[in-house]
Amino acid sequence: MRLLEQFFGVIAPNTCIFCDQEGSLLCKWCIDDALPYQTSRCYLCNALTKDYKSCPSCRHKTQVKHVYIRSEYTSYAKELVHRMKFKYSIEAVKIIASELVQTLPISDRELLITNVPTVTSHQRSRGIDHTKKIAQEMSRLSSRKYVETLVRTDQARQVGSSRKDRLTQLNRVFRVKNTDIFKGVDIILVDDIMTTGATIESATSTLKFAGAKSVSATVFSRAK
Ligand SMILES: [Zn+2]
Ligand SMILES: [Zn+2]
């Protein structure tokens, strides 16, 4: 894929998805217009909050400490994710990673970066995991450590009859690895698009059950 990307980079320079100028996939001065900042809200009920926390009435429903969402769900946010996922654009990965790094609290240098895996280990042999690429780039940009902590199991998610059944099945979506590294550590989970947040919750409860001290998430955009 990388060779192909380089090949296309030589013969077809990127044009900005926002202003159409040649140069990069999204010019620095177009970023804020193309990707308007998402204000701090409770991700469960959308109430305005501080520091991207859940609101007091939703707090008991979530284990995720902060859910940072970088951008409103604009057509440009969608386009960047599309370029990354389906056109294997390394430049899209770099832009998304650089924007996500900026959502993290500057003082919190010890946060351990990990990703919500998008593909099962079986699928990975045939393709790339783009959230892993984003997380690795974030690690490089922010000098925070990256560790792979979650593996998506091949088991299909099924809806059971009771809430307890459903929760048990959700928790089987992931298994953990490298527990010795993340035990007692504050973790930041990286994902590209969030919809209901069920995946982030599932990943969080799996990591906390395995010994993580706290889990927050940073997501590029939230699909409505
Ligand atoms: Zn531009
Ligand atoms: Zn709420």
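The following exchange concerns a predicted model of a protein with two zinc ions.

Modeller: Local features in this predicted model need pLDDT of at least 70 and side-chain atom pairs count only at pLDDT 80 or more, whereas totals for chains, interfaces and linings use all residues. Residues are numbered from 1 along each chain as its sequence is written, chains are lettered from A and ligands numbered from 1 in the order in which they are written, and side-chain values use heavy atoms, with hydrogens and water left out.

Biologist: Which residues are the protein donors of the zinc ion (ligand 1)?

Modeller: Donors are N, O and S atoms within 2.8 Å of the metal (3.2 Å for Na, K and Ca); water is not among the atoms, so sites may look incomplete. For ligand 1 the protein donors lie 2.2 to 2.3 Å from the ion and are SG atoms. Along the chain they follow the spacing C-x2-C-x7-C-x2-C. The residues are Cys16, Cys19, Cys27 and Cys30.

Biologist: What is the arrangement of the 4 donor atoms around the zinc ion (ligand 1)?

Modeller: Four donors count as tetrahedral if all angles lie between 85 and 135 degrees; four count as square planar and six as octahedral if opposite donors are over 155 degrees apart and all others between 65 and 115; anything else is irregular. Ideal angles at a metal are 109.5 degrees for four tetrahedral donors. Because the angles at ligand 1 are 102 to 118 degrees, the arrangement is tetrahedral.

Biologist: Is Cys16 buried or exposed?

Modeller: Buried means under 20% relative accessible area, exposed over 50%, and partly exposed in between (1.4 Å probe, protein chains only). Cys19, at 30% relative accessibility, counts as partly exposed. Cys16 has 0% relative accessibility and therefore counts as buried.

Biologist: Where along the chain do Cys45 and Cys58 lie?

Modeller: The zinc ion (ligand 2) is coordinated at 2.3 Å by the SG atoms of Cys42, Cys45, Cys55 and Cys58, with the spacing C-x2-C-x9-C-x2-C. The pair Cys45 and Cys58 links distant parts of the chain, 13 residues apart. Helices (H or I, at least four residues) and strands (E, at least two) are DSSP runs, numbered from the N terminus. Both cysteines lie in the loop between α2 (31-34) and β3 (67-71).

Biologist: Which residue is the bridge partner of Val67 in β8?

Modeller: Two strands pair if DSSP finds at least two bridges between them. β3 and β8 (residues 214-222) pair in the parallel sense over 4 bridges. In β3, 5 of the 5 residues are buried, so this strand is largely enclosed by the rest of the structure. Within β8, the bridge partner of Val67 is Ala217.

Biologist: Which residues of α3 are buried?

Modeller: Helix α3 (residues 75-86) has 12 residues and reaches 16 Å from its first C-alpha to its last, close to the expected 16 Å; the expected span is 1.5 Å times one less than the number of residues. Contact means heavy atoms within 4.5 Å, and what covers the buried residues of α3 includes β3, α4 (90-101), α6 (130-142), β7 (186-194) and β8. The buried residues are Ala77, Leu80, Val81 and Met84.

Biologist: How many of the 224 residues in the protein, as a percentage, are buried?

Modeller: The secondary structure comes to 9 helices and 8 strands. Residues 24 or more positions apart account for 70% of the contacts with a separation of 6 or more. Of the 224 residues, the buried share is 46%.
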